[in-house]
Amino acid sequence: MTDQGGVHDDHPFETPSDERDPARRFRGRLAAPVTVITAGDGDRSTGLTVSSLVVAEGEPSRIYFLLGSTTDLYYGLEKTGKFVVHVLETGDQAIGDVFAGLRPSPGGRFSGLSVEQSEWGPVLTDVKTRASCTYEGGAEETFFIGAEGAIDKLELDDIEDPLVYFRGRYRTLG
């Protein structure tokens, strides 16, 4: 999917700047990666666009990210104990929008995408940089769950122009 358009130029229900939480506004000033995290299988496949994510090197290396406790992804992680993190590039904005729930996708979020099932969950085969992880639990952090996963397998591609999230919208570095 390379469509860069969206349903709206701006979010129709967006909170005015002066009414937003200051910590959220601060976070918006930090460039963040745009990833899609998937879990589950078959009819129980789920995924979510996540930008609040960090990778820590070690043995094993780990991924930490924030997600809502009422999301389908959180339930999928709790049930399967596995997930896949896909790193998006320029041209993948539509994928990010679909998994963020900002763009309709008749037939479901995976409809129209090349997907293969792995032991860690659905793999978006057109997204070449990804980490397959074992979910090691989550702790409630304010309004979110701070999730942790051990990286079991990495697939790396040369990303020329990563998709980043900055000040409420997708940006590119190129």
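These are my notebook entries on a predicted model, going from one strand to the cores and then to a pocket.

**Entry 1: strand E2**

I started with strand E2, residues 35-39. Is E2 enclosed by the rest of the structure or not, and why? I found that five of its five residues are buried, so E2 is largely enclosed. I remembered that side chains in a regular strand alternate between the two faces of the sheet. So I checked each face, bearing in mind that buried means under 20% relative accessible area. On one side I have Thr-35, Ile-37 and Ala-39, on the other Val-36 and Thr-38, and all of them are buried. Both faces of E2 are covered, then.

**Entry 2: who pairs with E2**

Next I looked up the partners. E2 runs antiparallel to E3, and five bridges join the two. I noted one bridge in particular: Ala-39 has Thr-46 in E3 as its partner. The hairpin of E2 and E3 has six residues between the strands, and there Gly-40 takes a positive phi near 90°. E2 also pairs with E6, again antiparallel, through four bridges. In that pairing I see Thr-38 standing opposite Val-84.

**Entry 3: Thr-46**

I stayed with Thr-46, which sits in strand E3. Is Thr-46 buried or exposed? Its relative accessible area is 8%, so I put it down as buried. Leaving out residues up to four places away in sequence, I listed its contacts: Ile-37, Thr-38 and Ala-39, plus Asp-72, Leu-73 and Phe-110.

**Entry 4: the nonpolar cores**

Then I went for the largest nonpolar core, which has 19 residues. Which members touch the most other members? I wrote down Ile-37, Ile-63, Phe-65, Leu-67, Leu-77 and Phe-83. Among the elements that give two or more residues to this core are strands E2, E3, E5 (62-67) and E6 (82-87), along with helix H2 (72-80). Strands E9 (130-141) and E10 (144-155) are on that list too. Another core lies apart from it, with 11 residues, including Val-34, Leu-88, Val-98 and Val-127.

I picked Phe-83 for a closer look. Beyond four places in sequence, its contacts include Ile-37, Phe-65 and Leu-77. Trp-120 and a run of residues from Ala-131 to Tyr-135 are also among them.

**Entry 5: Ala-131**

That led me to Ala-131, which is found in strand E9. I have it as buried, at 6% relative accessibility. Apart from neighbours within four places, it is in contact with Ile-63, Phe-83, Val-84, Val-85, Ile-151, Lys-153 and Leu-154. I also looked up how it sits relative to Arg-171: 40 residues apart in sequence, and 22 Å apart in space from C-alpha to C-alpha.

**Entry 6: a three-strand sheet**

I found an open sheet with the order E1-E11-E12 and antiparallel pairing. Why is one side of E1 and of E12 left without a neighbour in the sheet? E1 (32-33) and E12 (169-172) stand at the edges and each has a single partner strand, so one side of each stays free of a neighbour there. E1 pairs with E11 (residues 163-166) over two bridges, and Ala-32 has Tyr-165 in E11 as its bridge partner.

**Entry 7: the second largest pocket**

Last, I checked the second largest pocket, with about 210 Å³ of space. Its lining includes Asp-21, Arg-24, Arg-27, Leu-66 and Glu-141. Which element gives the most to this lining? I found helix H1 (residues 22-28), with three residues. By type, I sorted the lining into four nonpolar, one polar and four charged.

Definitions and conventions:
Residues are numbered from 1 along each chain as its sequence is written. This is a predicted model: local features need pLDDT of at least 70, side-chain atom pairs count only at pLDDT 80 or more; totals for chains, interfaces and linings use all residues. Side-chain values use heavy atoms; hydrogens and water are left out. On a 1 Å grid over the protein atoms alone, a cavity is a set of points where a 1.4 Å probe fits but cannot get out, and a pocket is an open set with protein on both sides within 12 Å along at least five of seven lines; lining residues have an atom within 4 Å of a point. Grid points are joined across faces, edges and corners, and a volume is the space filled by probe spheres set on the points. Ala, Val, Leu, Ile, Met, Phe, Trp, Tyr, Cys and Pro count as nonpolar, Asp, Glu, Lys and Arg as charged, and the others, Gly among them, as polar. A nonpolar core is a set of buried Ala, Val, Leu, Ile, Met, Phe, Trp, Tyr and Cys residues joined through side-chain atoms within 4.5 Å. Buried means under 20% relative accessible area, exposed over 50%, partly exposed in between (1.4 Å probe, protein chains only). Contact means heavy atoms within 4.5 Å. Two strands pair if DSSP finds at least two bridges between them.
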